[in-house]
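Q: Here's a model I'd like to go through with you. Please zoom in on one charged side chain, then work outwards from there.

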Amino acid sequence: MNQTEPTAATAPGITALTVPRQRNTAVAFFRESVRSRQTTGAVAPSGFPLAQRLAAPLPAPSGRSPLRVLEVGAGTGTVTRTLAERIGPGDRLDTVEVNPRFVQLLTGALRTDPVLAAASEQIRIIPESISHTPLPPKSYDVIVSCLPFMNFAPDMVRSLLERYMAALVPGGHLTFFSYLGTLSLRTLFARRTEATRYRAVAAVLAEFSARYGEDGGSIAWRNLPPARVTHLRAPRPGADDADPDSLGQR
């Protein structure tokens, strides 16, 4: 899903209205993956099981305070739609997407897709690179990143993860994913310099997972291709005494 400037996914209960849109968005996504392979990072949108895992930290709206949610790399809106199903009346969803064709699809979907249209007043599409998007400290409760980290330089990946963590409130959640087997396949067939870059990016992701990881992650097998979802948590003062399920109860 296209978000940064280049350097060195089917829900249950599908209606007749959503099937044509899914076909159209899949075709559009494939076209963009050919046009901008480095920053799109896949040949198909994220599947529903992957979207569900990425959105899992967002609790049900009943009995909690309003939340601020950031999605980076919205693509054709599969994850956006899943997030929109979970947000409550007072929540806000900012979705960042730099690809103008994806932005056009998302903007239209806010009017035509039943789920997105129902939450359209709470969704703000930001049509720019996340590299240029201000992320004030402690401004989001949940961040979902759909960027293809393995396509970027390690310094860029580190910078993005540092900005994400700083933009989370204490105890806030960050989720992102990587495709299974990507590192092994790329290092096997890539030139030496590219193989070195892949390993360096993998090391940065492992470092942040070790520092902020909530668990060992989970795998969305029913995705094309299968993907591992990583869940990080921003540190909280007095975390040992805090309620681990306190998000949205401030």
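How does glutamate 85 count by its relative accessibility: buried, partly exposed or exposed?

A: Glutamate 85 counts as partly exposed, because its relative accessibility is 45%; buried means under 20% relative accessible area, exposed means over 50%, and partly exposed is in between (1.4 Å probe, protein chains only). Before going on, a caveat: this is a predicted model, where local features need pLDDT of at least 70 and side-chain atom pairs count only at pLDDT 80 or more, while totals for chains, interfaces and linings use all residues. Residues are numbered from 1 along each chain as its sequence is written, and side-chain values use heavy atoms, with hydrogens and water left out.

Now for the partner. The side chain of glutamate 85 meets that of arginine 81 in a salt bridge, 3.6 Å from N to O (the rule: a side-chain nitrogen of Lys or Arg within 4 Å of a carboxyl oxygen of Asp or Glu). Side chains of opposite charge can pair when their charged atoms come close. Both residues sit in helix H4 (residues 78–86), four residues apart, about one turn of the helix. Helices here are DSSP runs of H or I with at least four residues, strands are E runs of at least two, and both are numbered from the N terminus. Arginine 81 has a relative accessible area of 18%, so it is buried.

The salt-bridge count for the model is nine. Another one pairs aspartate 94 with arginine 124, at 2.9 Å from N to O. That pair links distant parts of the chain, with aspartate 94 in strand S2 (residues 92–96) and arginine 124 in strand S3 (residues 123–126), 30 residues apart. Aspartate 94 is buried at 0% relative accessible area, whereas arginine 124 is partly exposed at 46%.

Arginine 158 and glutamate 207 also meet in a salt bridge, 2.8 Å from N to O. Arginine 158 belongs to helix H7 and glutamate 207 to helix H9, so this pair ties together parts 49 residues apart in sequence. Arginine 158 is partly exposed at 27%, and so is glutamate 207 at 29%. Back at our starting residue, salt bridges with shared partners join Arg81, Glu85 and Asp113 into one network.

Since H7 has come up, a look at its other residues. Its buried residues are Met156, Val157, Leu160, Leu161, Tyr164, Met165 and Ala167. They cover an arc of only 165 degrees around the axis, which puts them on the same side of H7 (the arc is taken from the directions from the helix axis to the C-beta atoms). They pack against, among others, strand S1 (68–72), strand S5 (168–179) and helix H9 (192–212), with contact meaning heavy atoms within 4.5 Å.

Then there's the nonpolar core, a set of buried Ala, Val, Leu, Ile, Met, Phe, Trp, Tyr and Cys residues joined through side-chain atoms within 4.5 Å. In the largest one, with 30 residues, Phe149, Leu161, Tyr164 and Leu174 touch the most other members. S1, S4, H7, S5 and H9 each give two or more residues to this core, and H7 gives the most, with seven. A second, separate core has 26 residues, including Ala119 and Val144.
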